[in-house]
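Work through these exercises with the model open. Try each task before you read its solution.

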Amino acid sequence: MERRTFLTSSLAAAALGTIPAANASATANLREGSPTPDAKARLYYELRRYHLNSGPQQKLCDEFFRAALIPAMNRLGITPVGVFNVLIGPDSPTMFVLLPSSSLDTLVTAENRLAQDAEYQKAGAAFLNAPATDPAVVRMESQLMQAFEKIPGLTLPKASAGNAARVFELRTYESSTDQDHKRKVEMMQSGEEAIFAKAGFSQVFYGDTLIGARMPNLTYMLSYESVTGRDKLWKAFGGDPDWKAMQANPRYGFEQIVSSISSTILQPTAYSQI
């Protein structure tokens, strides 16, 4: 399917013109349970949502992501690539693909480079050449994010190394104004993230949306051993005295700085690298 218009025009014009260049030598730190320590390694994330019809599209997408997209993105230095199915949430069936990179230019030019990748074109032919009468997907949406300044990298859950049982929660916080949005980003990286850590959450990434729907907003991802484990952690978080104190802080409690919260529970595919 053709995506050059979005990635080479919209991103190049809107993002490259307004965002400082990333440190090209920086790479994501992939050690289990360890975040990227260097603020210069601040990542960019593209989050894709592939909306499907029930039936053959699921199998076609699985084969494309496993055999064509992930290997090709890895060859470009985009790694680890996460691929997830919606377990609990709207618009099912939908598949999510997370593409992290220390280089914005790499994300922007990826599709043009893949068009010249013969191995990718061959492995993904069934998906890429699907006719309009029987398309590979219904629609694809894309969101571009930059990692928080103080949480610059992606942290792999320990369960990812052995492909052990795990689920993920993708949360998006929308704000009514840019001021409120900036306060929420500040709140999360100046104390809230530490409270998550104290409660035992596995925190995968935090991203400030640069291009996408329903802005301003931020998106972050958490991981759990199970949905039941999730409920226990959120209960611990909600009762933490540091969280209650932070909520009462006039800097963050002067008004409702988050106007809407959406949450989707995701299950990684067997071949997901996250």
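**Exercise 1. Decide whether Phe196 is buried or exposed.**

Solution. This is a predicted model.
Step 1. Take the relative accessibility of Phe196, which is 0%.
Step 2. Recall the cut-off: buried means under 20%.
Step 3. Phe196 therefore counts as buried.

**Exercise 2. Find the ring that pairs with Phe196, and classify the pair.**

Solution.
Step 1. The partner is Tyr220, at 5.8 Å centre to centre.
Step 2. The angle between the planes is 50°. Planes under 30 degrees apart count as stacked and over 60 as edge-to-face, so the rest are tilted. This pair is tilted.
Step 3. Place both residues. Phe196 lies in helix α7 (residues 178–199) and Tyr220 in strand β7 (residues 217–224). The pair therefore ties together parts that are 24 residues apart in sequence.
Step 4. Check Tyr220 too. Its relative accessible area is 0%, so Tyr220 is buried.

**Exercise 3. Describe the helix α7.**

Solution.
Step 1. α7 has 22 residues.
Step 2. From first C-alpha to last, α7 reaches 29 Å. That is close to the 32 Å expected at 1.5 Å a residue.
Step 3. Look for a bend. α7 bends by about 50° at Gln189.
Step 4. Look just after α7. There, Gly200 takes a positive phi of about 105°.

**Exercise 4. Analyse the aromatic pair of Phe148 and Tyr206.**

Solution.
Step 1. Start with the count for the model: 19 aromatic pairs.
Step 2. In this pair the centres are 5.6 Å apart and the planes make 35°, which is tilted.
Step 3. Phe148 sits in the loop between β4 and α6 (158–161), and Tyr206 in strand β6 (residues 202–211). The pair links distant parts of the chain, 58 residues apart.
Step 4. Phe148 has 2% relative accessibility, so Phe148 counts as buried. Tyr206 has 1%, so Tyr206 counts as buried as well.
Step 5. Widen the view. One aromatic cluster includes Phe148, Phe196, Tyr206 and Tyr220. Trp234 and Trp243 are also among its members.

**Exercise 5. Locate the largest nonpolar core.**

Solution.
Step 1. The largest core has 32 residues. Tyr50, Phe65, Leu69 and Met73 have the most contacts inside it.
Step 2. Elements that give two or more residues include β1 (44–51), α2 (56–75) and β3 (94–101).
Step 3. The largest share, 8 residues, comes from α2.
Step 4. Zoom in on Leu69. Among the residues Leu69 touches are Tyr50, Phe64 and Val97.
Step 5. Now find the second, separate core. This core has 25 residues, including Tyr206 and Tyr224.

Key:
Residues numbered from 1 in each chain as written. Predicted model: local features only at pLDDT ≥ 70, side-chain atom pairs only at ≥ 80, totals over all residues. Heavy atoms only, no water. Core = buried A, V, L, I, M, F, W, Y, C linked by side-chain atoms within 4.5 Å. Buried < 20%, exposed > 50% of the residue type's maximum accessible area, 1.4 Å probe, protein only. Helix = DSSP H or I, 4+ residues; strand = E, 2+ residues; numbered from the N terminus. Contact = heavy atoms within 4.5 Å. Phe/Tyr/Trp six-rings, centres within 6.5 Å; stacked < 30°, edge-to-face > 60°. Expected span 1.5 Å × (residues − 1). Bend = angle between axes of the 7 residues up to and from the residue. Lists of a residue's contacts leave out its neighbours within four places in sequence.
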